[in-house]
Amino acid sequence: QDTAAYFFDVARDPVAEAYVLGVLSSIPLDWYARLFVELHADFHVVQAFPVPKLVKSDSRVKRVINIAGRLAARDVRFAHWAKAVGVPVGSVNSASQQADLEAEIDANVAHLYGLNREELSHVFATFHRGWLYHPRLDAVLMHFDALGDPK
């Protein structure tokens, strides 16, 4: 089906899977997707999503991989995958820890896109009408600023 887009990892690289999962789970990519998708994402739209290049030596990429892996590896069902990604199983133990890690993914992905602080703030302000975004944006900006200048 054209409206049931899915991803198939022909290389069978769990690290690349974790990276794509982290990018696709981020507010910056979600904001971009909402520019083109209203009800459903056709295959050609999903295929055109701009996923930043996977450069395994980049510390931001490593962090996205680590966080996405930790968030996804909730229990022993993911033990084999988690081991391949290099993350522990069940290491996210609270809602506040999960929220902080999600904010850190957003900050790292924004950096990978080359967004500046003003552009990142615009993404959050225009993401969803009526959304109380300030607490999450504040958490994202804390991580974003700690990463230094993205360009």
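**Exercise 1. In which helix do R34 and D30 both lie, and how many residues apart are they?**

Before we solve it, a word on the ground rules. This is a predicted model, where local features need pLDDT of at least 70, side-chain atom pairs count only at pLDDT 80 or more, and totals for chains, interfaces and linings use all residues. Residues are numbered from 1 along each chain as its sequence is written, and side-chain values use heavy atoms, with hydrogens and water left out.

*Solution.*
- Step 1: Find the element. Both R34 and D30 sit in helix α2, residues 27-36. Helices here are DSSP runs of H or I with at least four residues, strands are E runs of at least two, and both are numbered from the N terminus.
- Step 2: Count along the helix. R34 and D30 are four residues apart, about one turn of the helix.
- Step 3: Check the pairing. R34 forms a salt bridge with D30, and their closest N and O atoms are 3.0 Å apart. The term salt bridge asks for a side-chain nitrogen of Lys or Arg within 4 Å of a carboxyl oxygen of Asp or Glu.
- Step 4: Look at the surroundings. R34 is partly exposed at 41% relative accessibility, and D30 is partly exposed at 27%. With a 1.4 Å probe and protein chains only, buried means under 20% relative accessible area, exposed over 50%, and partly exposed in between.

**Exercise 2. Is R77 buried or exposed?**

*Solution.*
- Step 1: Take the relative accessibility of R77, which is 69%, so R77 counts as exposed.
- Step 2: Turn to the partner. R77 forms a salt bridge with D75, with 2.8 Å between the closest N and O atoms.
- Step 3: Classify D75. At 26% relative accessibility, D75 is partly exposed.

**Exercise 3. Which helices hold R117 and D145?**

*Solution.*
- Step 1: Start from the contact. The side chains of R117 and D145 meet in a salt bridge at 2.9 Å, N to O.
- Step 2: Place the ends. R117 belongs to helix α7 (residues 117-125) and D145 to helix α8 (residues 134-146), so this pair ties together parts that are 28 residues apart in sequence.
- Step 3: Add the exposure. R117 is partly exposed at 41%, and D145 is partly exposed at 40%.

**Exercise 4. How many helices and strands does the protein chain have?**

*Solution.*
- Step 1: Count the elements. The protein chain has eight helices and zero strands.
- Step 2: Put the salt bridges in context. The structure holds seven salt bridges.
- Step 3: Finish with burial. Of the 151 residues in the protein chain, 37% count as buried.
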